[in-house]
Amino acid sequence: MKILNYMNLNQHPVQCSFRVDRTRQFSEIYHAHQGMELLFVHEGSIRVVVNRQIFDLTAGNLVAFRPFQLHRVIMRTEPGGSYIRTLLVFEPGELAERLEAFPSLRQFLLRLWKEPLQQQVFQSLPLERTVDKLAEYRERMEGAEQAQLLEEQMLCLADMLGHLKRHEEPDMLRRLPPPQGSQVAEQVMDWLEARYAEPFQLELLAQAVHLTPSHVSAAFRQAVGSTITDYLTAVRVRQACLLLRTGDKSVEEIGRAVGLQNTSYFCQMFRKHVGLSPHRFRRSLQRVEEKR
């Protein structure tokens, strides 16, 4: 099972998939992307775990995931129903360069991209208008010549950003009722994010949230759909990728920095969840930077 996917934007900075029915091919795993990801729900219901918070989304809702932001999407569609979504994934730096002449829109993109407290969930979008826009984007992209495809994609993304900006509600997250049972899971995620570099002890975590080890494990699985260990592994792999991308620490040092003293085990775990060894992952990023 691959936790993280960073490579899909290296050849082309925009990847879009419109109205894809994921009902039968759905995979509930932690993952992150090299670029930003806009996920729009056409049909069905999902639970989103992002930024150490949990949200329930339905048709007409959109969530924006930041680059390298760990998240999990859980399908909650009723039996017999469908989960249909659109994904717009792109390198925000590429789009920001093209928005130099539109400072207000560019600033909105930068907030969505980098501001920790920026709204990421949009629940007040007009459903019909948003669906029509996505259908128009699909038609424009599919009809574009290869030489003009990137320009057309960037124009569509800029239009979608303007659409989101017009329906931004800065205090919306404070008004959203938390899903039942999510409080314990959010406390667990906060605790793990602060201590992923330390040896994990379930007993210490349970004491921190004032529950028994069995109770905290069951509450987390019920709310998030995975084990606490799965989440901790995803956090460590994500952090290792960030360190490999942005720093000059050795692989051994990075393993220790994310809580894994055994370098061989760290490399094995990294390869399992990323698909590359830490050394090859770093070299692949260096080659991309050299091409730019």
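Start at the largest pocket of this predicted model. Select Asn51, Arg66, Gln69, Leu70 and Arg238, which lie nearest the pocket's centre among the 18 residues that line it. The volume of the pocket is about 380 Å³. Now colour the lining by class: 10 of its residues are nonpolar, 3 are polar and 5 are charged. Then show the elements around it. Those that give two or more residues to the lining are strand β4 (45-50) and the helices α2, α6 (182-195) and α9 (228-246).

Keep β4 on screen and add the sheet to which it belongs. Four strands make up this open sheet, in the order β2-β7-β4-β5, and their pairing is antiparallel. Which strands are at the edges? They are β2 (30-31) and β5 (53-58), each pairing on one side only. Next, look between β4 and β5, where 6 bridges join the two strands in the antiparallel sense. To find one pair, select Ile46 and its bridge partner in β5, Leu57. Bring α6 back into view: this helix packs on the sheet and touches β4 and β5. The direction of α6 makes about 130 degrees with that of β5.

Move on to the other sheet. Here 5 strands form an open sheet in the order β1-β8-β3-β6-β9, again with antiparallel pairing. Its edge strands are β1 (14-21) and β9 (121-122), each of which pairs on one side only. Select β3 (residues 36-43) and β6 (residues 62-65), which are antiparallel and joined by 4 bridges. Phe40 has Leu62 in β6 as its bridge partner.

Two helices pack on this sheet. Show α2, which touches β3, β6, β8 (84-90) and β9, with its direction at about 90 degrees to that of β3. Then show α4, which touches β1, β3, β6, β8 and β9, with its direction at about 65 degrees to that of β1.

Finish with these two helices alone. How do α2 (residues 103-114) and α4 (residues 146-166) pack, and how far apart are their axes? The angle is about 80 degrees and the axes are 10 Å apart. The helices are therefore roughly perpendicular to each other. For the contact itself, select Ser104, Leu105, Phe108, Leu109 and Leu112 in α2. They meet Ala158, Leu161, Gly162, Leu164 and Lys165 in α4. Coloured by class, this contact shows 7 nonpolar, 2 polar and 1 charged residues.

Methods
Residues numbered from 1 in each chain as written. Predicted model: local features only at pLDDT ≥ 70, side-chain atom pairs only at ≥ 80, totals over all residues. Heavy atoms only, no water. Axes fitted to C-alpha atoms, helices over the stretch in contact; angles between N-to-C directions. Parallel < 35°, antiparallel > 145°, perpendicular 65-115°, else oblique. Contact = heavy atoms within 4.5 Å. Nonpolar A, V, L, I, M, F, W, Y, C, P; charged D, E, K, R; others polar. 1 Å grid on protein atoms, 1.4 Å probe; cavity = no way out; pocket = protein on both sides within 12 Å on 5 of 7 lines; lining within 4 Å. Points joined across faces, edges and corners; volume = space filled by probe spheres on them. Pairing = 2+ DSSP bridges.
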